[in-house]
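The report below follows selected features of one model, moving from a buried charged side chain to strands, ion pairs and aromatic rings.

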Amino acid sequence: MDWLTRRPIAHRGLHGRWIDGARRPENTRAAFLAAIRHGYGIELDLVLSGDGVAMVFHDEALSRLTGRPGLAADHDAATLGTFAVLGTAETIPTLAQVVRLVDGRAPLVIEIKGCGALTPVLAEATARALHKYQGPHCIKSFDPAAPAWFRTHAPAVPRGLVAMRASDWDEGEIGAERARLLEQLADLDRVGASFVSYDINALPNRAVAQARASGRAVITWTVRNARQRARAAAFADNIVFENWLP
């Protein structure tokens with residue numbers, strides 16, 4: 001998996017208008033094409049549509065990015081694909097559409113958003129979209145159920161855990177015990193994780209150091225300036241960055 005650490009990874013694609021004034025919303029085709037042009041890897045997020053399709057979108061709710069009420073899961077993939085993102089011409093793509101667009105030109109780091117009992121369903125939808133895809137790619141999740149599904153059903157796909165300090169979760173977002181186990185990376189062996197994706201603000205820490213010593217790659221998020229990159233260089237193998245060009 002040398003490709004995972006070879007070049008910085010653009011968080012939700014190379015989005016925003018700070019580079020050249022062009023408006024590129026997060027997790028859109030335009031943001032991914034910009035990352036390819038600049039030679040970066042691509043990180044993206046997945047949620048599940050109402051008809052069981054892996055959609056490239058960060059939030060459960062539609063409001064922040066589309067101005068619409070309700071949840072992504074309230075709509076089928078075809079309908080979601082008509083929704084404009086942040087008032088631009090960009091619409092919500094499926095993962096299958098994105099892999100065809102990227103076509104191996106940049107590594108894909110795919111975050112499967114946890115969705116409770118439906119996390120394995122989203123994992124399976126992700127695997128369907130990635131079937132026969134030859135470009136470099138991996139999956140990761142805060143929810144161990146996603147990499148655990150891949151270990152059983154699609155073991156050739158590299159997989160990792162996403163984690164941060166237990167105290168940084170919003171109250172009630174996940175249980176205290178689940179947050180503690182994530183912080184400690186307790187499920188790495190169980191899910192067969194080959195890498196870790198950890199919050200830059202929680203580095204250094206013992207769990208990450210142990211994971212790295214075991215031979216697992218460590219990528220850290222979200223790096224937004226040179227000071228954070230210097231910290232990342234000391235305690236991780238690559239960065240997921242945003243609003244700044246490393």
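## A buried arginine and its surroundings

In this predicted model, the side chain of Arg159 reaches the backbone oxygen of Val191 at 2.8 Å. A further backbone oxygen, that of Pro155, is reached by the side chain of Arg159 at 3.1 Å. Arg159 is found in strand β6, and although Arg159 is buried, it has no salt bridge, the nearest side chain of opposite charge being that of Asp189, 10 Å away. Since a salt bridge requires the nitrogen and the carboxyl oxygen to lie within 4 Å, the 10 Å that separates Arg159 from Asp189 is outside that limit.

## Strand β8 between its neighbours

Strand β8 covers residues 217-223, and seven of its seven residues are buried, so this strand is largely enclosed by the rest of the structure. Strand β7 (residues 195-199) is joined to β8 by five bridges, and the two strands run parallel; within this pairing, Val196 stands opposite Val218 of β8. Between β7 and β8 the chain passes through helix α10 (residues 206-213), and the resulting β-α-β crossover is right-handed.

Strand β8 is also joined to strand β9 (residues 238-241), here by three bridges and again in a parallel arrangement. In this pairing, Ile219 has Asn238 of β9 as its bridge partner. The chain crosses from β8 to β9 through helix α11 (residues 226-235), and this β-α-β crossover is right-handed.

## Salt bridges

Oppositely charged side chains can pair when their charged atoms come close. In the whole structure, a search finds 15 salt bridges, and three of the pairs are set out in the table, each with its closest distance from nitrogen to oxygen.

| Residue with N | Residue with O | Distance, N to O |
|---|---|---|
| Arg12 | Glu26 | 3.2 Å |
| Lys140 | Glu43 | 3.5 Å |
| Arg224 | Glu242 | 2.8 Å |

The side chains of Arg12 and Glu26 meet in a salt bridge, and this pair links distant parts of the chain, 14 residues apart, with both Arg12 and Glu26 in the loop between β1 (9-10) and α2 (29-38). Both Arg12 and Glu26 are buried. They also belong to a network of salt bridges, in which Arg12, Glu26, Asp45, Asp59, Arg64, Glu111 and Lys113 are linked.

For the salt bridge between Lys140 and Glu43, the partners come from two strands: Lys140 lies in β5 (residues 137-141) and Glu43 in β2 (residues 41-48), so that the pair ties together parts that are 97 residues apart in sequence. Both Lys140 and Glu43 are buried.

The salt bridge of Glu242 with Arg224 returns to the region of β8 and β9, with Arg224 in the loop between β8 and α11 and Glu242 in the segment after β9, 18 residues apart. How do the partners stand in exposure, buried or partly exposed? Glu242 has a relative accessible area of 9% and is therefore buried, whereas Arg224, at 41% relative accessibility, counts as partly exposed.

## An aromatic cluster

A pair of aromatic rings is described by the distance of the centres and the angle of the planes. The structure holds four aromatic pairs, among them that of Phe142 and Trp169, which is edge-to-face, with 5.2 Å from centre to centre and 75° between the planes. This pair links distant parts of the chain, with Phe142 in the loop between β5 and α7 (145-153) and Trp169 in the loop between β6 (159-163) and α8 (176-183), 27 residues apart. Phe142 counts as buried at 19% relative accessibility, a value that falls under the 20% cut-off, and Trp169 counts as buried at 15%.

Phe142 also pairs with Trp221: the centres of the two rings are 6.1 Å apart and their planes stand at 80°, so this pair is edge-to-face. Because Phe142 lies in the loop between β5 and α7 and Trp221 in strand β8, the pair ties together parts that are 79 residues apart in sequence. Trp221 is buried, with a relative accessible area of 17%. Phe142, Trp169 and Trp221 form one aromatic cluster.

Definitions and conventions: Residues are numbered from 1 along each chain as its sequence is written. This is a predicted model: local features need pLDDT of at least 70, side-chain atom pairs count only at pLDDT 80 or more; totals for chains, interfaces and linings use all residues. Side-chain values use heavy atoms; hydrogens and water are left out. Buried means under 20% relative accessible area, exposed over 50%, partly exposed in between (1.4 Å probe, protein chains only). Helices (H or I, at least four residues) and strands (E, at least two) are DSSP runs, numbered from the N terminus. Two strands pair if DSSP finds at least two bridges between them. A crossover is right-handed if, with the strands pointing away from the viewer, the path from the first strand over the helix to the second runs clockwise. Rings of Phe, Tyr and Trp (its six-membered ring) pair if their centres lie within 6.5 Å; planes under 30 degrees apart count as stacked, over 60 as edge-to-face and the rest as tilted. Lys and Arg count as positive and Asp and Glu as negative; His and the chain ends are not counted. A polar contact is a pair of N or O atoms within 3.5 Å; within protein, one must be able to donate a hydrogen and the other to accept it, and residues adjacent in sequence count only if both atoms are side-chain atoms.
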